[in-house]
Amino acid sequence: MDNWQRVSKVSIVDYFVKNLIRLVSTSIYAIPAIWASSDTLKEHLDYVVLGGGAVISLLFVAAFLQYFFFKYRLKEDNIEIHSGVLFKKHLDLPFTRVQNVKLITPVYFRPFDYTTMELDTAGSAKNEANIVAVPKDKANAMKQQILAYQALHQAEEQVDEQKESDKESVANEAAVGDEKLLNERSLLDLVIHGLTNNRVFFFLAILAPMADSIFEYANQFLLSFGFDVKAFLFDAEHPWWQLSLYFIASFIMAYFIVMLISILGAIIAFYGYKLTKRDNNYIQRSGLLSIHEVVMKKPRLQMIVRQQDWLDVLIKRINLKFEQMGGLERHQQNNVRNKLMVPSVKENECRELIDEMWPTNKMTQVDYQPISQRFIVRGIGLFITPITLLLCVIAVVSEQWIIVPPAIVFFVIASGLIWCRWKRWGYAMDDEYVYVRKGLLGVNYYCFAIEKTQMVKFKQSIFLRRHKLCHTAFVTAASSLTIPFIPQDIGWHLMSQSLYKVESLKKNWM
Amino acid sequence: MEQSTFSNEPLSIESLPAYQSQESTPLEPAYIKANNILRIVSFSVILLIIAVIKWQPFSPLSADASHVFSIILAVAGAISLFAIVMGYLYDKNKSYTLREHDISLYSGVIFKKVTIQPFLRIQHIELKRGPIDRKLDLASIQVFSAGGALHTFELPGLTHDDALSMRQYILDHKDVTVHG
């Protein structure tokens, strides 16, 4: 195995697809322009086809070159990779530095039984090694070789009393140790998740390149039934009640379709969901088309979020999120998939998982303190009353008395919602954690360890000062949490408590 | 030892008012003055441009347009006055407190805000000096935590020397806590 090797020619497909995706995603902003000039484009269809063909063949040539210049060789204790067409890259990766060996199988590799090997290192993402399109058994053999070397190395180190502690930990983490299964999601769970959460965009993200043709097709499909929207709407033959019935029916229909798409999206994103634990690492694997893997080291956990939408509350399912370092550093795209989230778990599973992460945490048992009722007063006084009054004034001025009943209904419903929101707000603090509860119809619980606080903020307007109230914000590396309308003494108390914990315990936040 | 020198341990609510009424250092008067002048000049330029358009003799505006421009001028004047006064009050109300383990920034006129950044959580510090700052020997300090760019702690209007020594103090402190 000492000689330079090329990967399989199947890798060309992968390079091609990756480049195509990159091209499409970088030119996504051009879609409105293309849309606007679609008429012109249609006139010069031959040029469009020619240009498209040129781009495709260029991509193909690029993919071939990438394949051609990619070489790797395995030695006893390291792997060397030469790659790059214009910018040559030589990577020499000792096995001891490999943190994690991932095998990713995109959908188009499955029939050929090929897989992509990803070697994670502790350093930056740039130093990662990807070996595209390796036959599965060969990939497994290589994985075994690397891990066996690491195990051997580790054994040697253990014999040798003066081992370097960080080297050992690297070897430890990469050892093929037993992964303990923490949670698994069945297809039924994912269907429930799709129903209760809007996961449409996972589906749309895949369809985006084909969106146009789909709309076209849908339009033709409707027309083929002889359904003409214009003629239907402006035909005097239909009385108004019939029209509104049609509208309600089509609304329900649309809702149903969206639900269906959402379920599909949930399945695409979370198919075969598995959360496992190895040593101090939590590993999440999921995905239908290509399997995504998210790894979180336990100390990196910043905040636990327990989310329930109103439907979730009804059927007693919970989305449990384990938030790591903030979203600012990571790219916004695919953010949801880069997060550690267990979709639609049951109450007991949720408790087990939280206990696994932070056993002393009392997220659901702790007594939540309500916030001040001024919250309701402000909501009604500042937003709802002015809008209602405006509507009434319009009604009086234009003598359109029909506006008044909807205005009153709006006032009642909006006030009710504000009250619901107030009812959900709650906060608590114990020796180790800060807890916040909020929501409207659903309910979300947030919890973070006090020593993970990065910064605290105290906010008070002159109106709040009159009532001795304040807002208090806690900034953690994952996100910031604001507790509004609490007594200012308590606000200061929470702030100085958390500062005291941070400054006196001097615990690490990651 | 660390705990005995600790200055903020308000565990009982009674001791808390003292915490809030701590002495804080206002910004340098030179900074407030420079900021004032800058605001007055920039708003005057805007008003001047509007006035020039209204009264320029080269292509006289129609009566309607002239009327519209007087309204714009009045509104812009009112906004400028408000912004200048509020800006002055905002600067005047800004102050900071440097403590053993953290730094607090007090700001706001109607909406009061106190931001407290423990040194232990600081990722890095930046010292910034614009052309005016350099002329007046001023500097501003930016403190970054892992909370992200949205929650950067910025303290303007320090003398250059103060800023330098403050930076050194924070860095030394961090060093102590990391290795000690």
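**Exercise 1. Determine how strand S6 of chain B is joined to S7(B), and then place both strands in their sheet.**

Solution. In this predicted model, strand S6 (residues 138-145) of chain B is joined to S7(B) by 5 bridges, and the two strands run antiparallel. One residue pair can be followed across this pairing, since Leu138(B) has Thr159(B) in S7(B) as its bridge partner. Widening the view, the strands belong to an open sheet of 3 strands in chain B, ordered S5-S6-S7 and paired in antiparallel fashion. Strand S5 (122-128) and strand S7 (153-159) of chain B form the edges, each pairing on one side only. From one strand to the next, the twist averages 20 degrees.

**Exercise 2. Describe how helices H2 and H3 of chain B pack, and classify their relative direction.**

Solution. Two packed helices are described by the angle between their axes and the distance between the axes. For helix H2 (residues 29-55) and helix H3 (residues 63-93) of chain B, the angle is about 180 degrees and the axes lie 10 Å apart. Because angles over 145 degrees count as roughly antiparallel, H2(B) is roughly antiparallel to H3(B). Sorted by class, the contact of H2(B) with H3(B) comprises 15 nonpolar, 7 polar and 4 charged residues.

**Exercise 3. Identify the buried residues of helix H7 of chain A, and state which elements they pack against.**

Solution. Within helix H7 (residues 187-196) of chain A, the buried residues are Asp189(A), Leu190(A), Ile192(A), His193(A), Gly194(A) and Thr196(A). The buried residues of H7(A) pack against two kinds of element in chain A, namely the helices H11 (240-270) and H12 (310-315) and the strands S12 (317-323) and S13 (340-346).

Terms used. Residues are numbered from 1 along each chain as its sequence is written. Chains are lettered from A and ligands numbered from 1 in the order in which they are written. This is a predicted model: local features need pLDDT of at least 70, side-chain atom pairs count only at pLDDT 80 or more; totals for chains, interfaces and linings use all residues. A residue is buried if 20 or more other C-beta atoms lie within 10 Å of its own, exposed if 12 or fewer, and partly exposed in between; C-beta atoms are placed from the backbone. Helices (H or I, at least four residues) and strands (E, at least two) are DSSP runs, numbered from the N terminus. Two residues are in contact if their C-beta atoms, placed from the backbone, lie within 7 Å. Two strands pair if DSSP finds at least two bridges between them. Axes are lines fitted to C-alpha atoms, for helices over the stretch in contact, and angles run from 0 to 180 degrees between N-to-C directions. Angles under 35 degrees count as roughly parallel, over 145 as roughly antiparallel, 65 to 115 as roughly perpendicular and the rest as oblique. Ala, Val, Leu, Ile, Met, Phe, Trp, Tyr, Cys and Pro count as nonpolar, Asp, Glu, Lys and Arg as charged, and the others, Gly among them, as polar.
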